[in-house]
Each structure stands twice: as C-alpha cells, then as structure tokens.
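I opened this model to look up its fold, its surface, its pocket and one residue near a chain end. The notes below are in the order I made them.

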Amino acid sequence: VRCIEMSWYKCFIAGENFPGALIGESKPIGFYTTRFIEAESPEEAETQALANLKNEQKLSLPPGVPRPDNAKVYFENIEEVESAEVTEKNMGFCFFVMEA
C-alpha cells in the first residue's frame, strides 16, 4: 500500500476577456480569484482549480451569449500552505472591466 501525501495549495487565478454579460457589462471583463486546493503537487492543484472554475455558476454564460475565442485563465501564483491557513476554499470573484 502506497500512502499519498496531500498538501494544500493557494492558487491566485486571473481571467481575461470574458463576456461582460456575466456581470451586466457591455465590454469584456476580467477577474481575480483565490482558490485553496488539496492536491499531491502544484501541477495537480492547477488542474483541479481549472476544472472547478469551469463548473462555477458565476462564470456560466447567459443563454445566447457566444463563448469568446480570446478568453483565458492563468495562474499568477500557486503556493503550498499549511492547512491552518485554508480559510474558505471558494473565495468568490473580483470582476473588472477590461481596458481597450
């Protein structure tokens, strides 16, 4: 039996060029969010966080809004943290209107 060591990772995530319709804006928007993920490695934490974001209700496009070709999500930082530092695992979003 192999025992797998799991750690907590704090993922700082940014998104760009999402449809403004997500928050009632006409221009493209971006967002910042932080997610805590329990995983074997930073790479696995990134994969899990991305999968979780794809299922986030706040990022679901309204009916009739096309999926943008240039929207992207990137991880600004992934750091291992002690379990005591894990507050909320899902900390919401900070949205902003993209500049032209």
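These entries go from the whole chain down to single residues.

**Entry 1, model and fold.** I noted before anything else that this is a predicted model. I then looked up the secondary structure and found one helix and four strands. Reading from the N terminus, I get the order β-β-α-β-β. I also looked up the extent of the C-alpha trace, which spans about 50 × 25 × 20 Å along its principal axes.

**Entry 2, contacts and burial.** I asked what share of contacts between residues at least 6 apart in sequence joins residues at least 24 apart. The share is 78%. For burial, I find that 31% of the 100 residues count as buried.

**Entry 3, surface and charge.** I have the accessible surface at about 6,700 Å². Carbon and sulfur atoms account for 48% of that surface. On charge, I list 17 negative side chains and 9 positive ones. The centres of these two sets are 7 Å apart.

**Entry 4, largest pocket.** How much space lies in the largest pocket? I read about 350 Å³. Its lining is made of 14 residues, and I wrote down those closest to the pocket centre: Phe18, Lys54, Leu59, Arg67 and Val73. I then checked which elements contribute to the lining. Helix α1 (42-54) and strand β3 (72-81) each give at least two residues. The largest share comes from α1, with three residues.

**Entry 5, Asn17.** I looked up the backbone of Asn17, which lies in strand β1, residues 7-18. The phi of Asn17 is near 60°, and I marked this as a positive value in a residue other than glycine. I kept Asn17 on my list, as Asn17 also appears among the contacts of Met98.

**Entry 6, Met98.** I located Met98 in the segment after β4 (94-97). Is Met98 buried or exposed? I count Met98 as buried because its relative accessible area is 18%, and the cut-off for buried is under 20%. Next I looked up which residues Met98 touches, leaving aside neighbours within four places in sequence. The contacts are Glu16, Asn17, Pro28, Ile29 and Gly30. For one of these, Ile29, I also have a backbone distance: the C-alpha atoms of Met98 and Ile29 are separated by 5.0 Å. Along the chain, Met98 and Ile29 are 69 residues apart.

Methods. Residues are numbered from 1 along each chain as its sequence is written. This is a predicted model: local features need pLDDT of at least 70, side-chain atom pairs count only at pLDDT 80 or more; totals for chains, interfaces and linings use all residues. Side-chain values use heavy atoms; hydrogens and water are left out. Buried means under 20% relative accessible area, exposed over 50%, partly exposed in between (1.4 Å probe, protein chains only). Contact means heavy atoms within 4.5 Å. Accessible areas come from the Shrake-Rupley method with a 1.4 Å probe; for residues, only the protein chains shown count as cover. Lys and Arg count as positive and Asp and Glu as negative; His and the chain ends are not counted. The place of a charge is taken as NZ of Lys, CZ of Arg, CG of Asp or CD of Glu. On a 1 Å grid over the protein atoms alone, a cavity is a set of points where a 1.4 Å probe fits but cannot get out, and a pocket is an open set with protein on both sides within 12 Å along at least five of seven lines; lining residues have an atom within 4 Å of a point. Grid points are joined across faces, edges and corners, and a volume is the space filled by probe spheres set on the points.
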